[in-house]
Amino acid sequence: MTTSIFDLLGIIADFEETLNINESRSYNREKIVSHLQKMDKINFKVPEFTPDLEWLNVSQPLKMYDHLKGKIVVLDFFTYCCINCMHILPDLKLVEERYPLDAGVVIVGVHSAKFLNERVTSNILSAILRYNIQHPVVNDKNATLWQELAVSCWPTLIFLGPKGQIIHSIAGEGHRDKLLLFLDVATQYYSSELQPSDLPISLSKNEATLSQLIYPGKICYWPERHQLVIADTGKHRIIVTDVNGIVQNIIGSGHKGLKDGQLEIAEFSSPQGVTCDSQNIFVADTENHCIRKISFESFEVKTISGTGHQGSDKIGGNVFQSQALSSPWDVLIGYTPDGTTSLLFIAMAGSHQIWVYFLNDTLWYSKSYVAGTCLCFAGSGQEENRNNSFPDKASFAQPSGLALSMEDSKGKLYIADSESSSVRYISLSDGKVCGLVGGERDPTNLFAFGDTDGIGINAKLQHPLGVAVLDEQLIIADSYNHKIKTVDLKTLRCETLAGTGRPGSSLFASDFKKSEFNEPGGVCVNAKDKLIYIADTNNHDIKVIDLKDGTIFKLPIIFSCAKEEEEKKNVTSAVCETTESDLISLPDVVLTHEMTSVTLKLPLGLAEDEHLNALAPNTWLLSGMDEESDTFVSSLDKSKIKGRLDDSLYNATSGLASVTLQLPLSAANGKLTLKISVHVFVCNSKSNMCLPPKWVFFKQVVRH
């Protein structure tokens with residue numbers, strides 16, 4: 001009688017029940033060896049990979065009974081949006097470290113998409129780069145392997161013996177000890193059959209073009225400072241810029257890790273959510289499973305909650321670093337229902353819940369908590385789209401974005417519930433959890449996604465990751481639809497504001513719906529100026545929608561040369577890689593000691609049919625070209641070495657831009673050699689199309 005895949009999985013399930021990590025090694029070894037003997041006798045072989053499959057991290061498609069023959073193969077069935085799949089990546093990394101390629105153990109990622117957007121190989125490539133996956137990955141976009149091997153959930157690991165036969169399967173997360181134990185025994189059992197790997201490994205990350213930002217996940221507007229805070233997720237750091245994109249602070253060394261201390265030496269691990277009060281930035285340090293505080297009083301980073309390891313606690317109540325967390329994805333400054341005491345709301349994606357962290361001693365729903373306490377506010381921990389009048393009876397599905405409205409007496413916390421493809425909210429007055437748009441009435445159906453404008457559940461989203469409140473509208477980063485959408489909070493009508501629905505990077509300055517995004521993960525607003533800032537994650541940049549002027553543009557991220565030196569190991573800015581031939585030399589200027597400023601006329605070199613885009617953030621930056629000049633510029637106030645190039649400062653007839661430099665020459669000696677770097681956005685007057693921004697560099701000698 002032939003054994004079916006379902007019979008086989010039943011045998012594996014029975015075997016799983018006999019394993020006990022707490023028993024002796026000899027006990028478990030005996031059980032595993034007995035199981036392997038049974039699996040070899042059944043000899044259920046997996047089918048060959050079909051030739052139409054697309055592969056990543058290898059130079060040619062792999063063949064099951066060629067490249068993988070004589071190896072123990074771990075097939076990791078995953079989908080890149082799945083938080084549980086992310087959670088086992090450290091386990092797989094540990095396997096790769098313990099069993100290098102010459103040990104005869106190979107991991108092959110089998111990407112079987114949940115969402116339509118995840119079927120696209122280029123999007124899977126972005127995820128591979130984002131999560132630093134270094135083993136072969138195949139795009140099983142039609143779920144062929146998934147169905148043939150009767151996989152039922154993400155993640156699932158299926159183990160193959162040296163002859164391609166199924167020998168084991170593990171579903172879900174949290175099984176590291178069993179994974180390592182099984183491989184340890186299996187490699188000994190098959191030691192005479194294992195062959196060193198000669199796989200055609202070709203890591204996609206070695207071919208990637210680096211940008212100034214790498215997969216920025218979230219962005220926050222800091223109203224007290226009129227600045228932007230960007231989670232530069234792929235570089236494991238936080239960037240603070242002014243609203244023109246000029247970098248003010250880099251927090252984090254750029255090395256992946258968990259380290260508190262001074263801003264430049266601190267370490268993060270794929271940080272996502274950022275939020276601010278008057279003096280501090282709070283960070284959801286996702287892969288460290290921590291909440292971090294960046295103080296601009298002490299200029300230090302401190303871990304305020306989380307142990308540094310993924311926790312399974314779904315209740316909480318411990319203080320500071322004694323409370324274990326699970327993949328916090330967003331964090332938001334909020335208030336108690338009466339609006340008197342500030343706190344942090346946390347989108348705890350890993351446990352599918354909303355948590356709170358108390359910044360001060362707090363009375364929360366009639367109970368008192370000391371400062372530093374972190375606990376669950378809403379969500380049972382089940383992965384569902386379940387609304388309920390009681391917050392602990394409601395359920396979420398990988399909540400990933402937060403926004404707060406305190407306009408009415410009740411106050412509402414809006415949640416981008418990514419895996420249910422919906423936006424939900426919690427009424428802060430009573431804790432009631434309700435649906436806003438997307439999803440459907442069946443709380444267990446997490447496949448109710450799409451791209452449809454409409455009201456309530458008739459509107460469809462696809463894995464939204466970010467939300468923000470602007471006046472009486474909710475702004476949504478509808479990530480897998482590559483769109484920005486709005487919800488009228490009175491009528492609950494959801495409509496597309498920007499994006500074509502296809503991934504891309506093209507911008508049409510005055511046509512939002514022709515402009516393109518690529519999995520935007522975060523959104524924030526400057527309510528006063530009616531600006532929407534978008535972390536366009538897979539395009540590695542920040543986009544800005546100006547609702548007043550009806551324009552959209554890319555925000556340039558401009559590093560000073562001193563900071564760019566720190567960047568050179570990853571990417572070198574055009575500002576710092578100029579040579580003498582790139583510079584336009586201006587006539588020397590001679591100043592007397594009575595003069596404290598000079599106005600320069602800069603020829604921008606625009607073509608006859610081009611004009612300066614006055615709505616974009618055209619900027620200039622001053623730097624020194626020799627040691628003495630650089631020291632002089634470094635001594636100046638930041639406001640004197642950079643600025644906005646407003647339309648009023650550009651003469652279209654002459655093609656000259658005016659920049660006034662404030663130069664206290666008492667601090668310098670004799671001669672300064674300065675570089676003025678101008679970043680301009682240009683449009684073509686005939687086609688009314690905006691062109692990519694460009695740099696123009698000038699050399700100015702000042703004598704006195």
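1. Contact here means heavy atoms within 4.5 Å. On that basis, and setting aside neighbours within four places in sequence, Ala-324 is in contact with Thr-307, Gly-311 and Trp-355. The model is a predicted one, and the points below should be read with that in mind.

2. Ala-324 sits in the loop that runs between strand 16 (316–319) and strand 17 (328–335). Although it is a loop residue, its relative accessible area is 19%, and Ala-324 is therefore buried, the cut-off being under 20%. From Ala-324 to Phe-49 the separation is 275 residues in sequence and 41 Å in space, C-alpha to C-alpha.

3. Phe-49 belongs to the aromatic pairs, of which a search of the whole structure finds 22. One of them joins Phe-49 and Trp-55 in an edge-to-face arrangement, with 4.9 Å centre to centre and 90° between the planes. Phe-49 and Trp-55 are both buried. Another pair, Phe-296 with Phe-299, is also edge-to-face, at 5.9 Å centre to centre and 65° between the planes. Here the two partners are not alike in exposure: Phe-296, at 6% relative accessibility, counts as buried, while Phe-299 is partly exposed, with a relative accessible area of 43%.

4. Some of the rings form a group. Phe-345, Phe-358, Trp-364, Tyr-365, Tyr-369 and Phe-377 are linked into a cluster by ring pairs.

5. Two places have a charged side chain over a ring. The charged end of Arg-292 sits over the ring of Phe-268, 4.8 Å from the ring centre. Lys-412 lies over the face of Tyr-425, with 4.7 Å to the ring centre.

6. Which residues of helix 1 are buried? They are Ile-5, Leu-8, Ile-12 and Phe-15. These residues cover an arc of only 80° around the axis, so they lie on the same side of helix 1. An α-helix has 3.6 residues a turn, so residues three or four places apart point the same way. Exposed residues on the other side of helix 1 are Phe-6, Asp-14 and Glu-17. Cover for the buried residues of helix 1 includes helix 2 (25–42), helix 6 (144–148), strand 6 (166–171) and helix 7 (176–189).

7. The length of helix 1 raises no query. It runs over residues 5–18, has 14 residues and reaches 20 Å from its first C-alpha to its last, close to the 20 Å expected at 1.5 Å a residue. Helix 7 agrees with expectation as well, because its 14 residues should span 20 Å at 1.5 Å a residue and its end C-alpha atoms are 20 Å apart. In helix 7 the buried residues are Leu-179, Leu-180, Leu-181, Phe-182, Leu-183, Val-185, Ala-186 and Thr-187.

8. Ser-126 is part of helix 5 (residues 121–130). With 11% relative accessibility, Ser-126 counts as buried. Not counting residues up to four places away in sequence, Ser-126 touches Tyr-215 and Asn-538.

9. An unreviewed UniProt entry carries the annotation "repeat: NHL" over residues 504–548. In the model, residues 504–548 are 0% helix and 38% strand, and the end C-alpha atoms of the span lie 25 Å apart.

10. Backbone geometry deserves a look at three sites. A cis peptide bond, with omega about -15°, joins Trp-154 and Pro-155. Pro-155 lies in the loop between helix 6 and strand 5 (156–160). His-236 has a phi near 55°, which is positive in a residue other than glycine. The loop holding His-236 runs between strand 8 (227–232) and strand 9 (237–242), and at 12% relative accessibility His-236 counts as buried. His-540 has a phi near 60°, again positive in a residue other than glycine. It is found in the loop between strand 33 (531–536) and strand 34 (541–546), and His-540 is buried, with a relative accessible area of 18%.

11. Is Ser-648 buried or exposed? At 68% relative accessibility, Ser-648 counts as exposed. Its place is in the loop between strand 41 (642–644) and strand 42 (650–651). Ser-648 and Ser-422 are 226 residues apart along the chain, and their C-alpha atoms are separated by 45 Å.

Technical notes: Residues are numbered from 1 along each chain as its sequence is written. This is a predicted model: local features need pLDDT of at least 70, side-chain atom pairs count only at pLDDT 80 or more; totals for chains, interfaces and linings use all residues. Side-chain values use heavy atoms; hydrogens and water are left out. Rings of Phe, Tyr and Trp (its six-membered ring) pair if their centres lie within 6.5 Å; planes under 30 degrees apart count as stacked, over 60 as edge-to-face and the rest as tilted. Buried means under 20% relative accessible area, exposed over 50%, partly exposed in between (1.4 Å probe, protein chains only). A charge sits over a ring if NZ of Lys or CZ of Arg is within 6 Å of the ring centre and within 35 degrees of the ring normal. Helices (H or I, at least four residues) and strands (E, at least two) are DSSP runs, numbered from the N terminus. The expected span of a helix is 1.5 Å times one less than its number of residues. The arc is that of the directions from the helix axis to the C-beta atoms. UniProt positions are given in the numbering used here, feature names are shortened, and annotations may be inferred rather than shown by experiment.
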